[in-house]
Amino acid sequence: MSTNTKYVITPPPQAALAIAGSTDLFPVRRIWCVGRNYLEHIKEMGQDEREPPFFFAKPADSIVPDGGTAPYPSLTKDMHHEVELVVALKSGGRYIPLDKALDCVWGYGVGIDLTRRDLQIASRELKRPWEVGKAFDASAPCGPLVSATKIGHPKKGKITLKCNGKVRQDGDLEQLIWNVPEIISKLSEMVALEAGDIIMTGTPSGVAATVAGDTLECEVAGVPKLTVKIGPPLK
Ligand code: MN
């Protein structure tokens, strides 16, 4: 850009995630999500468990930070929570080999893939895109990140979601059908991954409706906790 070139509107703010125990931030470029990556969840959704998982995306600015409130979205009567391990990338590439995939990981967090389930299922049946069901405003609550330097690369450990204090989802990372290196490698066949991309890695069983007034608490062993509230719909 030449020195007298300027943006005609104010550039939108950089989406970012907190770093646990620090004032530093992780800048978020894109949010990728894995569909169908825990066997029990595939069964509860009535899908073929032999089908490979697939990817979809959410806008970077759909993040809701720890302690935040996600307003109940428009158009739906059946919003569901899906607790997921979040992987944050410090580098990327195309056709990343399995044995190099973890070198791309900056760290980990826990997030919720909020889903307008009624609209997701309707678009699936009509063979239409999934954005209406998955990529809405405030659809990606995500807690603070912790670096892989501190905790390593978790391969097992509890992943849970409580709604108003009651356990709804209770899985283990070792139930992931495709593990983190496989997810990164496979996704890098579809797009060039870059530093700042984050990946929601799929949800264990127990997905259920959540409504305004709910408090959702998510935990993955060794990773900073996430607490968010579901707020009333925006007018
Ligand atoms: Mn999901």
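In helix 6 of this predicted model, the buried residues are V180, P181, I183, I184, S185, L187 and S188. These residues pack against a varied set of partners: strand 3, strand 4 (54–58), strand 8, helix 2 (98–101), strand 9 and strand 15. Helix 6 is thus a convenient place to begin a tour of the chain.

The protein chain as a whole has six helices and 18 strands. Its C-alpha atoms fill a box of roughly 55 × 45 × 40 Å along the principal axes. For 235 residues, a compact globule would have a radius of gyration near 18 Å, and the value of 17 Å for the protein chain agrees with this. Buried residues account for 50% of the 235 residues. The accessible surface comes to about 11800 Å², and 54% of that area belongs to carbon and sulfur atoms. Contacts often link distant parts of the sequence: among those between residues at least 6 apart, 74% join residues at least 24 apart.

Attention now turns to the interior. In soluble globular proteins, nonpolar side chains tend to be buried together. Here, the largest nonpolar core holds 44 residues, and the members that touch the most others are V87, L89, Y108, I112, I184, L193 and I199. At least two residues of this core come from each of strand 3 (31–35), strand 8 (83–89), strand 9 (105–112), strand 13 (158–163), helix 6 (180–190), strand 17 (215–220) and strand 18 (226–231). V87 gives a view of the packing at one residue: leaving out residues up to four places away in sequence, V87 touches V105, G107, Y108, V180, I184, D197, I198, I199 and T201. Apart from the largest core lies another one, of 18 residues, with A15, A88, A140 and C142 among them.

The model also contains a manganese ion. Its coordination comes from E82 (OE), E84 (OE) and D113 (OD), at 2.0 to 2.2 Å. Along the chain, these donors follow the spacing E-x1-E-x28-D. Both glutamates, E82 and E84, are buried. D113 is placed in the loop between strand 9 and strand 10 (115–116), and it counts as buried because its relative accessibility is 0%. Beyond residues up to four places away in sequence, D113 touches F56, K58, H80, H81, E82, E84, K134, S139 and M200. The contacts of D113 therefore include both of the glutamates that coordinate the manganese ion, as well as residues from other stretches of the chain, one of them being F56. The C-alpha atoms of D113 and A57 are 10 Å apart, although 56 residues separate the two along the chain.

The cysteines come next. A disulfide is a covalent bond between the sulfur atoms of two cysteines. The structure holds zero disulfides. For C104, the reason is distance: the closest cysteine sulfur, in C33, is 18 Å from its own, which is too far for a bond. C104 counts as buried, because its relative accessibility is 4%. C163 is likewise in no disulfide, and the nearest cysteine sulfur, that of C218, lies 9.9 Å away. With a relative accessibility of 4%, C163 also counts as buried.

Some loop residues deserve a look as well. Most residues other than glycine have a negative phi, and most peptide bonds are trans. L75 has a positive phi, near 75°, and sits in the loop between strand 6 (69–71) and strand 7 (79–81). Its relative accessible area is 66%, so L75 is exposed. Y95 has a positive phi too, near 50°, and lies in the loop between strand 8 and helix 2. Y95 counts as exposed because its relative accessibility is 60%.

The passage ends just after helix 6, where it began. A192 is found in the loop between helix 6 and strand 15 (198–200). With a relative accessible area of 21%, A192 is partly exposed; buried would require a value under 20%. Setting aside neighbours within four places in sequence, A192 is in contact with R29, R30, G93, R94 and D197. From A192 to T227, the separation is 35 residues in sequence and 32 Å in space, C-alpha to C-alpha.

Key
Residues numbered from 1 in each chain as written. Predicted model: local features only at pLDDT ≥ 70, side-chain atom pairs only at ≥ 80, totals over all residues. Heavy atoms only, no water. Disulfide = S-S within 2.5 Å. Buried < 20%, exposed > 50% of the residue type's maximum accessible area, 1.4 Å probe, protein only. Donors = N, O, S within 2.8 Å, 3.2 Å for Na, K, Ca; no water. Core = buried A, V, L, I, M, F, W, Y, C linked by side-chain atoms within 4.5 Å. Helix = DSSP H or I, 4+ residues; strand = E, 2+ residues; numbered from the N terminus. Contact = heavy atoms within 4.5 Å. Rg over C-alpha atoms; globule rule 2.2 N^0.38 Å. Areas by Shrake-Rupley, 256 points an atom, 1.4 Å probe, with all protein chains shown as cover.
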